[in-house]
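Student: I'd like a close look at a single part of this model. Could you pick one strand and walk me through its surroundings?

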Amino acid sequence: MVSLSPQTSAAAAAIGRPPIAWLSQFRGLPLLPLAILVPFVLIAVFADYIAPYDPTEPVASMKIFIPPAWMQGGDIRVLLGTDFQGRDVLSRLIFGARVSLIVGVMGTVAAGGIGTALGILAGYLGGWADLVIMRLTDAWLALPALVFAIFLATMVGPSMWNIIIILGLVYWTRYARVIRGEVLSLREREFVKLAEIAGASSTRVIRRHILPNVLNSAMVLASLTIGVVIIAEASLSFLGVGVPPPEPAWGSMLADGRSMLMVGAWWLTVLPGLCIMMVVLATQLLGDWLRIRLDPQLRNL
Amino acid sequence: MSPPLLEVEGLTKHFPVTIALFPRRQIGWVKAVDGIDFAVDPGETLGVIGESGCGKTTTSKLILLQEGPTSGAIRFDGEDIAGLAGPELMRYRREVQVVFQDPYSSLSPRMRVGEIIAEPLQIHTDLSRAAQQERVAEVLELVGLRPEVAALFPHEFSGGQRQRIAIARALVTNTRLIVLDEPVSALDVSIRAQIMNQLEELQARLGVSYIFIGHDLATVAHISHRIAVMYLGQIVEMAESLELCEKPLHPYTQALFTAALPAHPDDKREKLTISGEVPSALSPPSGCRFHPRCPKAMARCAVDAPERKEVAPGHSVACHLY
Amino acid sequence: MQPLLEVTNLETHYVSFGGARVIKAVDDVSFTLNEGETLGIVGESGCGKTTTCLSIVGLLPPAARIVGGRIEFAGKDLAQLSQSEMRRVRGAQIAMILQDPMASLNPLFSIYTQVAEPAYYHRSIRGRSLRQRVRQLLDAVRIPSPAQRMREYPHQMSGGMRQRIVGAIALAGGPRLIVADEPTTNLDVTIQAQYLDLLKELQQETGVAVIFVTHNLGIVARMCDKLAVMYAGKIVEAGAVRDLFNSPQHPYTKGLLGSMPKLGSKEKLFAIPGQPPDLASLPSGCAFHPRCTEAMPRCSIEEPGEIRVGGEWRARCWRAEPQYGQSAKGLDVAAAVGS
């Protein structure tokens, strides 16, 4: 295809710039995902102040199985009803957000950290390091992720930190592959060769030239996989091997609420499920936006 | 007569060609560089000209220690660089730098210009941050940029300015030899002259030597003191720039001059005597590698490879005609 | 005699979606080309030469639009034609050769298929006559053993050969005009020379007119009869090649000529100071004045129109007007080189 000079392309791109410079910061922000995520994050952070009741104790003077306030039999003081132990569903959801988001984010960071590090080593050092790490990745990928997570969780026993580490260990492989690919092409770029010719050590080259340039891809990957990690955590809690009670987690709320469906207490499953769905959806949308915004090369992901 | 800064003797680089099956079998060699000799004096520019497959890129990689030679020696300040390690290797790396063709991928996109230029200083010296910044400002002015640009990122600069930054970076550690690999080919015509003049001025001021690799005869001839003409991994002719322009001896060099574009519509054009394309370096022709395309080939040329001999002061050529 | 191609006041703009911002990629460009002539359009990145060509062949990207002027070719105004009408013109009457032969050739189709295509669609040649025509074309572009090469694929050929195939495809429809956009930039020097010789021969044989778009004045000196120099979307000087090389009127033309290194001369190069302009924010008055060594106060205020120097020779420069004459400084090498 006939290629236009950089000048013309840049000039053509400049056409869309709005007149007031700072306004451009807000143009194209992903409003829907942020509208969902920001409240959830705030709720998680300020859970102690927002939640009306203690999530682990039954609400005094309230019956069990109170439906949400807008339904018949509901009570305005327990907006979303009570569960089978008489605990306030709203408070449990609020604290559950904290668990889900913390585990989700930290787990993603762990996975991303391990995966990016291994990907960089494999891509930059090549040779044996590349061979070993890639075989490892292939082998790891053959393991069914969730089953493996369950296995590890039952082995080491439940606790929040254990779960975070386990999720990191299970989900690093997708990073390693993608980052390795990027590093392979980065390595051939002239500014990397220039650093090597100038005498920079491998550590220096990785630290100053490779790492900053893969961070974008790593961030996009992270935002796309955070949903997976949140669901994984929810699944683990659902199966009883996640963050242990009495700390509320959406997954375990789902598990408990399942048997209550027989009694007609639908809000004990639908509400936590809705929360999971919204947060994951929001992170996916955010990840998608980031992907397009930050790195046109990843458009095929 | 001061000793040459860089001396290359019998330099050879053969790349093995393998079929990527399992097990790997080697089917031949790509003789990218096949026994070349040249020297670069302090403060002078050696131009290297040739077309694709001539080996100029491989030669630059060998000098920059990005590849190791199959045989032959490279001597810098009289010392063989082959076995260098540790502090001596660092010394070499400090004094020999490179500027590449593409200004858009030569600068690390996430580093500020000041950091990019300062990097060799950080690697080789233990200057304080303030001293580094001073030196960066110094070289920025040397290449015709204002010292304030050190705070900006590469994407804010045009191609020509980026090349200046690359040149600044190449000079920052009191470099003695810069390999310039097609440094102006990717630049606009009006900027090319700016950079060429800048390079000449820097050489006059700092006494730095250049190895200027290019494909455009006029450009290379303008900036070089001496020129080496390469074909299929060998140097076929070497002479002082003006001498080469007046009396090109090797038929390939003559073809290059005939093929060169005129500077004026009325410039007399000789008929192009060369035909065909550069053969593959995997199986170069026997004897003189140029003989299949040579208009003056004799029977001897297919059998005997000619040695490069000096036929006039400072002018050597590898051809049976002489 | 009627000119083959007459471009009058062509304006091509890149428009944003809302029409809010406009880049004048081609601004008031006019030139004429007769049968069999070769015109060189010279300029640097962003000057509008490629966009001018795309406007002529009707291959502008979606964001660009011809907003004014006429492109008269063989009696029709190409700027007014619909896409389907343009498709009939392209290939049959006007062909284009691009810079990267690998981008012009489809890796999936054989050489035969690709060279035959224009003849098939535009000249309705079939069967044995078609095969003969392809052989003729491959011979014309000096491809050795054409019968065998016909069955091969682009990846099996070298760069020089591919560019010749592209030339054969361009000729296959029997065009009257070929637009060549930097066709030799990626080629080795001796290959380029062979290719240019070939083009010259083909022109003499078929009488096709050629527009050569390049940044290399050497190619213009070698190949062209006429020359148009572009800067910031406008033609700043145009005329016969010899006239412009011998006594250029516009300081930019002078600068381009002065910055070419000449074989066998170590004379210091004249370097045009400054950078090529940003099309989104052009200087006031004459777009070249910030870089011009001969600028006068008037140049920053008022944009010069096309001033007739003689015959078809015109220059967009106040200095071309007799009252001003050329400045005493002229090509002030020392002053310019300093920057």
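Tutor: What follows is a walk around one strand of chain B, then a visit to a loop residue and two stops elsewhere. Keep in mind that this is a predicted model.

Let's take strand 9 of chain B, residues 226-231. Six of its six residues are buried, so the strand is largely enclosed by the rest of the structure. Which way do they point? Arg226(B), Ala228(B) and Met230(B) go to one side, while Ile227(B), Val229(B) and Tyr231(B) go to the other, and all of them are buried. That fits the general picture, since side chains in a regular strand alternate between the two faces of the sheet. Note that Arg226(B) is among the buried ones.

Now for the partners. Strand 9 of chain B pairs with strand 3 of chain B in the parallel sense, over four bridges. In strand 9 of chain B, Ala228(B) has Val48(B) standing opposite. Strand 10 of chain B, residues 234-240, runs antiparallel to strand 9 of chain B, and six bridges join the two. Here Val229(B) faces Glu237(B), which belongs to strand 10 of chain B. The hairpin made by strands 9 and 10 of chain B has two residues between the strands, and Leu232(B) takes a positive phi near 50 degrees there.

Back to strand 3 of chain B (45-49): the loop between this strand and helix 1 of chain B (56-63) holds Ser52(B). Ser52(B) and Tyr231(B) are 179 residues apart in sequence, yet 8.8 Å apart in space, C-alpha to C-alpha. Is Ser52(B) buried or exposed? In between, really: Ser52(B) has 17 other C-beta atoms within 10 Å, so it counts as partly exposed, the cut-off for buried being 20 or more. Setting aside residues up to four places away in sequence, Ser52(B) touches Val278(B) and also Asp188(C).

Chain B also meets chain A, in a contact that takes 13 residues from chain A and 20 residues from chain B. On chain A's side, helix 9 (190-197) and helix 10 (202-238) are the elements giving two or more residues. Helix 9 of chain A gives the most, with five residues. By class, that side has seven nonpolar, three polar and three charged residues.

One last stop is the largest nonpolar core, with 273 residues, where Val179(C) is one of those touching the most other members. The largest share of this core, 17 residues, comes from helix 10 of chain A. Leaving aside neighbours within four places in sequence, Val179(C) has contacts including Cys53(C), Ile94(C) and Ile211(C).

Conventions. Residues numbered from 1 in each chain as written. Chains lettered and ligands numbered in written order. Predicted model: local features only at pLDDT ≥ 70, side-chain atom pairs only at ≥ 80, totals over all residues. Buried ≥ 20, exposed ≤ 12 C-beta atoms within 10 Å, placed from the backbone. Contact = placed C-beta atoms within 7 Å. Nonpolar A, V, L, I, M, F, W, Y, C, P; charged D, E, K, R; others polar. Pairing = 2+ DSSP bridges. Core = buried A, V, L, I, M, F, W, Y, C linked by C-beta atoms within 7 Å.
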